[in-house]
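Open the model in your viewer and keep the selection panel handy. We will go from one stop to the next, with a word on what to look for at each.

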Amino acid sequence: MRYRWRVVSFFLIVAVALMGFLPQNTAVAKGGKKSCKSLCSAVVKKTGGSGKLKYTSKKASDFGALSFREKSKVKKMQYSHDKKEVYSICIIEAKKAAGAKSLFTAVKKYVEKNCDSNNLKNYTLEEQGVLTNAVYGRKGKYVWYIAMSDQKEKNGKGEKVLKKKL
């Protein structure tokens, strides 16, 4: 009988301790991480041009900068763009920091390819300005590409907001 009382009291103490502990951890988990979607929203708000973004995707296969190998390194992603994929924003969370480095390199090559004079001839002067003034970067596990304006300063403002939130 005494043994049963000890076991029951032990489990009650453990249950009470867990009840006090779990809500604190879930609150930290919810508030501590930023979603790619909320980060994208903050950048679009700062840079303007949200009316130009017509399509949104969370699939890594939809963002043209990523090869098959890079796509496997993506944990989460938010990609919003217009019909021609000129005005666009992409925020990627990598599975690991090392993967983010590789994703950053892929985005860098994508920007260089977009700025190639042979590619630019297919776009209007304004669209060319957007592509050539796009900004990209990396912080921790996050990589981004922002092409929301033909002014580098506006794209840079979006990048500043993003870095603050990360």
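Begin by selecting Leu-39, Ala-42, Val-43, Lys-46 and Thr-47 in helix α2 of this predicted model. Now add their partners in helix α7: Lys-154, Asn-155, Lys-157, Gly-158, Val-161, Leu-162 and Lys-165. Colour this contact by residue character and you will find five nonpolar, three polar and four charged residues.

Next, show the whole of α2 (residues 36-47) and α7 (residues 152-165) as ribbons. The two helices pack at an angle of about 145 degrees, and their axes lie 8 Å apart. Their crossing is right-handed.

Now move to strand β2, residues 74-81. Is β2 largely enclosed or open? Six of its eight residues are buried, so the rest of the structure largely encloses this strand.

Bring in the strands that pair with β2. Strand β1 (residues 55-57) runs antiparallel to β2, with three bridges between them; click on Thr-56 and you will see Ser-80 of β2 opposite. Strand β3 (residues 88-94) also pairs with β2 in the antiparallel sense, over seven bridges. Here, pick Lys-76 and look across to Glu-93 in β3.

Follow the chain from β2 to β3 and you trace a hairpin with six residues between the strands. Stop in the turn at Glu-85, where phi is positive, at about 60 degrees.

Finally, colour by confidence. The mean pLDDT of the protein is 85, with 80% of its residues at 70 or more. Select residues 21-32, though, and the pLDDT is below 50; beyond near neighbours in sequence, this stretch has one contact in the model. Where pLDDT is low, the predicted coordinates should not be read in detail.

Note on methods: Residues are numbered from 1 along each chain as its sequence is written. This is a predicted model: local features need pLDDT of at least 70, side-chain atom pairs count only at pLDDT 80 or more; totals for chains, interfaces and linings use all residues. Side-chain values use heavy atoms; hydrogens and water are left out. Buried means under 20% relative accessible area, exposed over 50%, partly exposed in between (1.4 Å probe, protein chains only). Helices (H or I, at least four residues) and strands (E, at least two) are DSSP runs, numbered from the N terminus. Two strands pair if DSSP finds at least two bridges between them. pLDDT is the predictor's confidence in each residue, from 0 to 100. Contact means heavy atoms within 4.5 Å. Axes are lines fitted to C-alpha atoms, for helices over the stretch in contact, and angles run from 0 to 180 degrees between N-to-C directions. A crossing is left-handed if the near helix is turned anticlockwise from the far one by less than a right angle, and right-handed if clockwise. Ala, Val, Leu, Ile, Met, Phe, Trp, Tyr, Cys and Pro count as nonpolar, Asp, Glu, Lys and Arg as charged, and the others, Gly among them, as polar.
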